[in-house]
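This report gives a short account of one chain and then turns to two of its residues. Please look at the sequence and the model first.

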Amino acid sequence: MTTALRPSAALLALGEAPAAAGPGWQAFRQAALARLTTLGLPTPRDDGFKYANLRVLERRDLRPAAAAAVPAAPVDSSSSVGPGAHTVVIGPAGAVAADAAALARDGIELVPLATLAATGAPESAGLVMPGDSPDERLCLWAAAMAGTGVVVRLADGARPRQPLHLIYLSGKGAQYPRLSLTLGVGARLTLVEEHRAPADGKATTLAVSNLILAADAHLSHVRLDDAAPDLVLLDESRVEVGPRATYEQHSYGLRAGFSRLDLRVALTGAGAAAELTGLLMADAGRAAHVRTIVHHEAPDTRSSQTYRAIAGGGARASYDGKVIVAAGARGAASRQSSRNLLLATDAEIDTRPQLEIHTDDVTASHGATTGTLDTDMLFYLRSRGIDEATARGLLTYAFAADVIRGVPLVPLRTLLGARIVGLLPDATLLRDFIA
Amino acid sequence: MTSHAEAPSTAPLLEIRDLHARIKDRAVLKGLNLTIGRGEVHAIMGPNGSGKSTLSQIIAGRPEYEVTRGTVRFEGEDLLPLAPEERARRGFFLGFQYPVEIPGVNNVYLLKAALNAKRKSHGLAELDAFDFLTLVKDKMRVMRMDESFLSRAVNEGFSGGEKKRNEILQMLTLEPTLAVLDETDSGLDIDALKIVADGVNTLRAPDRSIVLVTHYQRLLEHITPDFVHVLANGRIIKSGDRTLALELERRGYDWVLEEAAA
């Protein structure tokens, strides 16, 4: 029998922290913690946790990492996002913008969560108490720990010229960063969220994002991890897309030891659209999981999901994607594609695209395939003198590279391509080939 | 440094003796004999399902086929233990009947890697990007392919004719010692057939042999073979000169099959 995993005593000892929060925040957090203690963490029996087993959290130090533990490593965003991006580093020590004045000039209003926690009510940072369902349990946990992160607002019509690059740094222990982002009417932003972890030490990150797009807004959102094998990365994202607004997410789970993205997108306004793509690469016993719920709540809403997973020896990956089309969402269109590649006999990939439709007037398609490398392609490459290992690596790369074509920033696309190659055997050979 | 010993010059380029092969439990070659000398052009014809494509794939080293008896010697050396990539590097080329589309792998990167793999195994320096591009653009002109082919993925979205021209482009770039072109003429209109044939003809040389596997005579109007063979039921049942192809065109295959059965 599976029993609910209880947060450890160490975590509970946290009830008092963090010092800087005002009384309203302290009460909010205490209430969340009390409910979390009663309810426990979800088990594989709970919807959304069938594949991503949270037992991985056992024997981990889940106390918020001390500020002192943060490595004073220089942070350089230009390598991944290109020169000129607005960089904000979010770590246990708080959120620090590289150039706050430049942010403001470009129309991005950014407030560290710690500032709000010290002076305002939780609502001022968009915090609401999550419900009791297991589905919301990680959000409840994050609410109990709320204190670091940023609140970002773009006014109506704001169109920053440069992308916003949020770098989440992990120390030892756990991080609970939050992002609350609101785009005003017609605002446009490119957002890159990057998780970095030290190569040594067990780090745990539970990140929560609440993204709200008003009418005609556009958000191009890239998430990636450049993380150590010992990182556990849990990400709860909630997105609300208003009339004619478009949300694009490109998600790359490439290096964490265990990652789980739970992405819920509500298309609340007529003509709203979401385009979700993701690549999961796991090997050497790592695990990468994606769960999505896209809710078409308004007429003429569109969504597409393209997920690719590659699993090597002893690795696990999963795509658990659901599209719900409400009765009022006439003319909705949705597409789900999940293609998966198994590179070893002991690898496992689970894929479960689901559709729940409450109206007749809808166009929906979904497809899922899981297989090994195509033998015709393999033979074709070998017949041209390419050795078998390189041919396999090349086809694996090609499979993965398929989803990076849509990445909005060229330097980032290049970086991702190089990172994917770096994860493959015979990386040196492949680099010659592709560059 | 070369990775293999020089073959005796007296050996035929390719010598197949009593070749038996199967895929899963089905016998596909049943005692096939064929000898190809240097500089020769051979045509292998035969009815559908006779084993023509199978023979091409087995010479290329397709792992799904199992050779159960017989020998294949290339420049005097046993070909069968060699991996497909090793056969390619030694100078064998297969033009595929159905060239496979490989999304995400650039057509020209593949060609460059293929050429450099071959050069490396022959102890030659790899070509740099500039020299390679100069070479490949030259060959593309022969095949009348425009430069957009440089940036496309391998065969992705190519028409049937473009795929076949791409095969010949690869052959021209790799300059094999022995090329087997499997139904390269199928699906080509008359203009494309002419371009493909011209491409093949530019490669004819005293030290290079070409095997045309084809169902029809029409390719042979543009590339004149020195020998014509009929393959049926997993064996070569008749060989002759180019007049045999004309006779097959006129009379069909039945008379050869009957003759062989008699």
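## Fold and overall form

Helices and strands here are DSSP runs, with at least four residues for a helix and at least two for a strand, numbered from the N terminus. In this predicted model, chain B holds eight helices and 12 strands. The radius of gyration of chain B is 18 Å, close to the 18 Å from the globule rule for 262 residues, so chain B is as compact as a globular protein of that length. Along the principal axes, the C-alpha trace of chain B spans about 60 × 45 × 35 Å.

## Interior, surface and charge

Of the 262 residues in chain B, 53% are buried. Taking contacts in chain B between residues at least 6 apart in sequence, 69% join residues at least 24 apart.

Chain B has an accessible surface of about 11600 Å², and carbon and sulfur atoms account for 49% of that surface. The chain carries 34 positive and 38 negative charges, and the mean positions of these two groups are 1 Å apart.

## Two residues with positive phi

B:Asp18 is not a glycine, yet its phi is positive, at about 50°. This residue belongs to strand β1 of chain B, which covers residues 14-23. Because its relative accessibility is 30%, B:Asp18 counts as partly exposed.

B:Asn155, also a residue other than glycine, has a positive phi near 60°. B:Asn155 sits in the loop between β8 (153-154) and α5 (160-174) of chain B. Is B:Asn155 buried or exposed? Its relative accessibility is 0%, so B:Asn155 counts as buried.

How values were computed
Residues numbered from 1 in each chain as written. Chains lettered and ligands numbered in written order. Predicted model: local features only at pLDDT ≥ 70, side-chain atom pairs only at ≥ 80, totals over all residues. Heavy atoms only, no water. Rg over C-alpha atoms; globule rule 2.2 N^0.38 Å. Buried < 20%, exposed > 50% of the residue type's maximum accessible area, 1.4 Å probe, protein only. Contact = heavy atoms within 4.5 Å. Areas by Shrake-Rupley, 256 points an atom, 1.4 Å probe, with all protein chains shown as cover. Lys, Arg positive; Asp, Glu negative; His and termini not counted. Charge placed at Lys NZ, Arg CZ, Asp CG, Glu CD.
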